[in-house]
Amino acid sequence: MMIMGLGWQFISPWLVVIVCWSHCAANSEDVISGGDPDPANAIPRPSTRQLHWQRKELIMFLHFGVNTYTNREWGLGNENPNIFQPVNLNTTQWVETAKGAGFKEMILVAKHHDGFFLYPNPYTNHSVQFSSWRDYKGDVAADFVKSCRELGMEPAFYLSPWDRHFYNMTWKPSYNAFYEKTEEWLVTHYGQFYELWWDGANAVPNRTVLYEWDKFLAILRANQPDAVGGGCGGTGGGFDCGPDTAWIGNEGGTAPETVWSWHAPSLEFPSPDNKPIYGPYFCDVSIRPGWFWHESQNNNLKTLAQLVDIYFKSVGHNCNLQLNVPPNKLGLLEDGDVQRIGEFGAYLEKMYSKDYATGSTVTTSSGVNDHPGKNVLDPDLDTYWQAAAGDQAMEVTLEFDEGERATNMPFNVIMLQEYLPEGQRIGQHTVSMSADGKIWKQLASGSTIGQKRLHRLTADVPLPKYIQFSVTATAFNVTSPALARIGLLRADPL
C-alpha cells in the first residue's frame, strides 16, 4: 500500500484563546437556555456517514492477493492469476479475530496496484475467476461480506486506482471507463458496505488530473449512500482522492498531538467560499514490516507494547486506527498474528472496563438546557454538556466522596470526547486536581480533543477530592464547546 500526499499541514488558524484560562468561575450548574450554536456556521460538521465512521475508532485492514504468493509488496501486473490458491480460505476466522478484539470495520483489498481483483470482475482477465481455485468460481469478496454479516462486522473495500496490469506507468485514456465499470460492479454485487478506500499511489500531478475522482465518488454515492469514500488527502497539498476521510500523512500509525477533523478543500473536491471541509483522519499501519504476508516476517510482529503505543497516538489523538493484518497463502491469518491481536484487544478491554469518573458528582461553570454537566459521565456520545454563550471559564468539575476515593484503584489515563455532530470546537484544554478546591495541580494539558483524546499520565494518581476539566481555547469565535465524555481509566504497565 502507498498513499501519495503532497505537502503536510494541519489547519488551525481559527483557534481563539479564551481570556480567562481556568478556575475563573464558581463551580455551579448555572443552566442558561441557549449556547452559541456557531451562528456564522463557520465550523465544519460531519455527515451522518462520517460520524458513524469516526466513532468506529478501530478498523482492520486486509492486504491479500497475488503479492501474497510472489513475496512482493507491489506486484508488476503480469502475474499468472493461477498462482492465487487460498485453498483453506476462512474469512470467518478473519472476522472472529477482529470482532473479538473490538474492531468495528474490516477493509478488504479488492484490488491492489498489480490490478488483480479478488472478485470476478467481468472486464479483465486478471482476477480470481482466472484461477483454478474452486474450479474458477472463487470469490473472496463474497466470502468476506458473508462472514462479516453473519458475525455483525461492517465490511468495506479498498480498490486501488493505479493498475499496473492495465496501464502500468503509461497512461491510457480508456482507463477511467474501465475503473468506473469495475467499481460499479463492486458496489452493486455485494450488498451494503461502509467504506471505499481509494489510494493516491501513482497519483502524481498528471495522474491527479486524469483520474476522474468526481465520477468515482458519484458511483459510490448512487449505490452505497452510507459508505464513506476516501483514503488519501488532507495533508495540505491540494490533492484529495475522496472527501469523506483523510490520511494522517505517514504509514507508522501515529498522529501529531493536534488533529482537527477538517482540512483545506482540494482541487478535486472544492468547497463554497474555500471553507475547510470536514474530513476525519485515519492512521494506517501494519502489524508486520510489510503490508502483504511474507513467511520471513512471521516472527517479526509488532509487540503488544508497540500496538498500545500506536493506539494512544492514533485513536487517542482523534484518528481512526486502521491496522493491517494480512492473510497467508492458505487464506488464513497466521496463529501469531491472531494471538497478538487477541492480546491487544484484551488489553484495551481491561483498560476500558472500569471508569473511575462515574461515581463522581458533576458541577460546571455554566450549561445549556437539556445538556447538563452530568452527561459527561454517560457513555452515550449523543448526550453531552455544553457551555453557555459568554462563559469565559468553561469548566467541568468532578467531586469524589470519601467512599469512592477509598474503594477505587489509582488511575493513569484521562479520556476526553467531544460531541461531534456540532463540529469539533475545543482547541486547548487542561485537566487539574485539587484536595480542597482552592489549590490546583495540573495533571494534563493538550490541544484538540475530537472523537477521543487519551492522556497517559507518567504515574498512577489516587482519586483526589476534585478533578477539573477546563477549555482554554476554541475554534473560530465559538464559546460553547460541547463535551460528551470525561473518563478516568487505568492502563496496565507494559
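In which helix do Trp213 and Phe216 both lie, and how many residues apart are they? The close-up views below, taken from a predicted model, begin with this pair.

**View 1. The aromatic pair of Trp213 and Phe216 in helix H7.** Both residues belong to helix H7, which spans residues 213-223, and they are three residues apart, about one turn of the helix. Their rings form an edge-to-face pair, with 5.6 Å from centre to centre and 75 degrees between the planes, and Trp213 and Phe216 are both buried.

**View 2. The aromatic pair of Trp197 and Phe282.** The structure holds 35 aromatic pairs. In the pair shown here, the ring centres of Trp197 and Phe282 are 5.4 Å apart and the planes stand at 55 degrees, so the pair is tilted. Because Trp197 lies in strand S6 (residues 195-197) and Phe282 in strand S11 (residues 281-286), the pair ties together parts that are 85 residues apart in sequence. Trp197 is buried, at 0% relative accessibility, and Phe282 is likewise buried, with a relative accessible area of 0%.

**View 3. Surroundings of Asp163 in the loop between strand S5 and helix H5.** Asp163, placed between strand S5 (154-159) and helix H5 (175-189), counts as buried at 1% relative accessibility. The side chain of Asp163 reaches the backbone nitrogen of His165 at 3.0 Å, and a polar atom of that side chain lies 2.9 Å from the backbone nitrogen of Phe166. Beyond its neighbours within four places in sequence, Asp163 is in contact with several residues, among them Lys111, His113, Asp114 and Tyr175.

**View 4. Lys172 over the ring of Phe166.** Lys172 lies over the face of Phe166, at 5.6 Å from the ring centre, while the backbone nitrogen of Phe166 faces the Asp163 side chain at 2.9 Å.

Methods:
Residues numbered from 1 in each chain as written. Predicted model: local features only at pLDDT ≥ 70, side-chain atom pairs only at ≥ 80, totals over all residues. Heavy atoms only, no water. Phe/Tyr/Trp six-rings, centres within 6.5 Å; stacked < 30°, edge-to-face > 60°. Helix = DSSP H or I, 4+ residues; strand = E, 2+ residues; numbered from the N terminus. Buried < 20%, exposed > 50% of the residue type's maximum accessible area, 1.4 Å probe, protein only. Lys NZ or Arg CZ within 6 Å of the ring centre and 35° of its normal. Polar contact = N/O pair within 3.5 Å; in protein donor to acceptor, adjacent residues only side chain to side chain. Contact = heavy atoms within 4.5 Å.
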